[in-house]
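Got the model up in your viewer? Here's a quick walk through its hollow spaces, stop by stop.

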Amino acid sequence: MDFGRLITAMVTPFNAQGEIHWEETARLIDYLIVDQKSETLLVSGTTGESPTLSDTEKVQLFEFAVKHAAGRCKIIAGTGSNNTAHSIHLTQEAERVGADGVLLVVPYYNKPSQQGMYKHFEAIAAATTLPVMLYNVPGRTVANLSAATTLKLAQIPNIVATKECASMEQVTLIAAGAPEHFRVYSGDDAAGLPAIAVGAHGIVSVASHVVGAEMKKMIDAFYGGDPLQATRIHQKLFPLFKGLFECPEPLPNPVAVKYALTLRGLNVGSVRLPLIPPTLDEQDYIENLLQL
C-alpha cells in the first residue's frame with residue numbers, strides 16, 4: 001500500500017451543537033485533496049479529536065471519508081487505543097467499511113513494556129488484512145516504542161509504516177534498518193524535511209491543512225534533486241509549523257489549526273471539551289501566522 005509522501009491528519013468538523021458536521025466534512029475532504037494536495041487522509045487521529053469521539057462516530061467517519069474520497073486519496077482510520085481488544089474491534093470495523101489502512105498509537109497511560117507493545121500490535125495486525133501504520137508519540141503516551149521493537153514489528157507483513165515522533169535518532173535508526181516494504185513518516189511538521197533527509201518517506205502533517213500545497217512542493221523538490229529549494233520552503237514554513245503548537249504558549253492540537261481553517265473559510269467549528277477555543281490573543285497570533 002502506497003500512502004504517498006504527504007498525509008494530512010484531518011480535523012473533525014463540528015456544528016454549533018458539537019456534533020459532526022457532515023456537509024463540512026465533505027467540503028474539507030475535497031479541499032484537502034484538491035487544494036492542499038493530500039495523498040492520504042488520516043481520520044479520527046489526535047488531530048481529529050479521537051479521545052472525544054464515540055465508537056459510532058468513528059466508524060461513521062471512516063465510512064463517510066471512504067465514500068466521499070471515492071478513490072481520489074487513501075483513507076487511514078485511527079483505530080488504536082490502550083485496550084488491545086477494543087483496538088481490534090475498531091480495526092475490524094474500519095476494514096468492514098473500506099478503509100485503506102489503520103493507524104495504531106502506542107498504548108497510553110498503562111505504560112506497557114516493549115514486549116507488551118509488541119504483543120499488542122502483533123495481535124491487532126493478525127486480526128486484519130489492512131496495512132498497519134504504527135504511531136509512536138512519547139510526548140502523549142509517556143511510553144516510547146523503541147527503534148528495535150519497531151524494526152521487529154516491521155517483519156510482520158501487514159505492518160507497513162510508522163508515524164515517528166520520538167527523535168531524529170530514532171527516525172534514522174528505523175529508516176536504516178527497516179525492510180524494503182516498511183516506511184517511516186515524520187509526525188512532526190517542523191522535523192519533516194530533516195526526517196526525510198535521514199530516510200523518512202514522508203510526513204503525517206497538521207500544517208498541511210493550510211500549507212499542504214507548499215509542503216508538497218518542498219517534498220517534491222527534495223526528491224527531485226533540489227534540496228536547496230526544499231530547504232528554502234522549509235525555512236519559510238517553519239514559523240507556521242512551530243506556531244500552530246506554541247501560539248505563543250503551548251496550545252493543544254487541533255485548537256490552532258481548526259481556527260486557522262475558519263480563517264480560510266472552512267466552517268469546521270470549535271473543539272470538544274476538555275479542549276477549549278483559542279483566546280482573543282491566541283486568535284490574533286494565529287491570524288498573524290497565516291500572513292507569514
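Four nonpolar, 3 polar and 1 charged residues make up the lining of the largest cavity. This is a predicted model, by the way. To see that lining, select A9, L42, G45, T46, T47, L103, Y135 and K163. The space they surround is about 30 Å³, and the count of cavities of 30 Å³ or more comes to 1.

Keep G45 and T46 selected, because your next stop uses them too: along with S50, P51 and Y108, they lie nearest the centre of the largest pocket. Add those three and you're looking at the middle of a space of about 530 Å³. The whole lining runs to 26 residues. Which elements give two or more residues to it? Colour α3 (84-96), β4 (101-105) and α5 (138-141) and you have them. By class, the lining of this pocket splits into 10 nonpolar, 12 polar and 4 charged residues.

Leave α5 coloured and move on to the second largest pocket. There, α5 supplies at least two lining residues, as do β8 (202-205) and α10 (227-246). Where's the centre? Select V137, C165, G187, D188 and F245, which lie nearest to it among the 22 lining residues. About 410 Å³ of space lies here. Try colouring this lining by class as well: you should get 11 nonpolar, 6 polar and 5 charged residues.

Methods:
Residues are numbered from 1 along each chain as its sequence is written. This is a predicted model: local features need pLDDT of at least 70, side-chain atom pairs count only at pLDDT 80 or more; totals for chains, interfaces and linings use all residues. Side-chain values use heavy atoms; hydrogens and water are left out. On a 1 Å grid over the protein atoms alone, a cavity is a set of points where a 1.4 Å probe fits but cannot get out, and a pocket is an open set with protein on both sides within 12 Å along at least five of seven lines; lining residues have an atom within 4 Å of a point. Grid points are joined across faces, edges and corners, and a volume is the space filled by probe spheres set on the points. Helices (H or I, at least four residues) and strands (E, at least two) are DSSP runs, numbered from the N terminus. Ala, Val, Leu, Ile, Met, Phe, Trp, Tyr, Cys and Pro count as nonpolar, Asp, Glu, Lys and Arg as charged, and the others, Gly among them, as polar.
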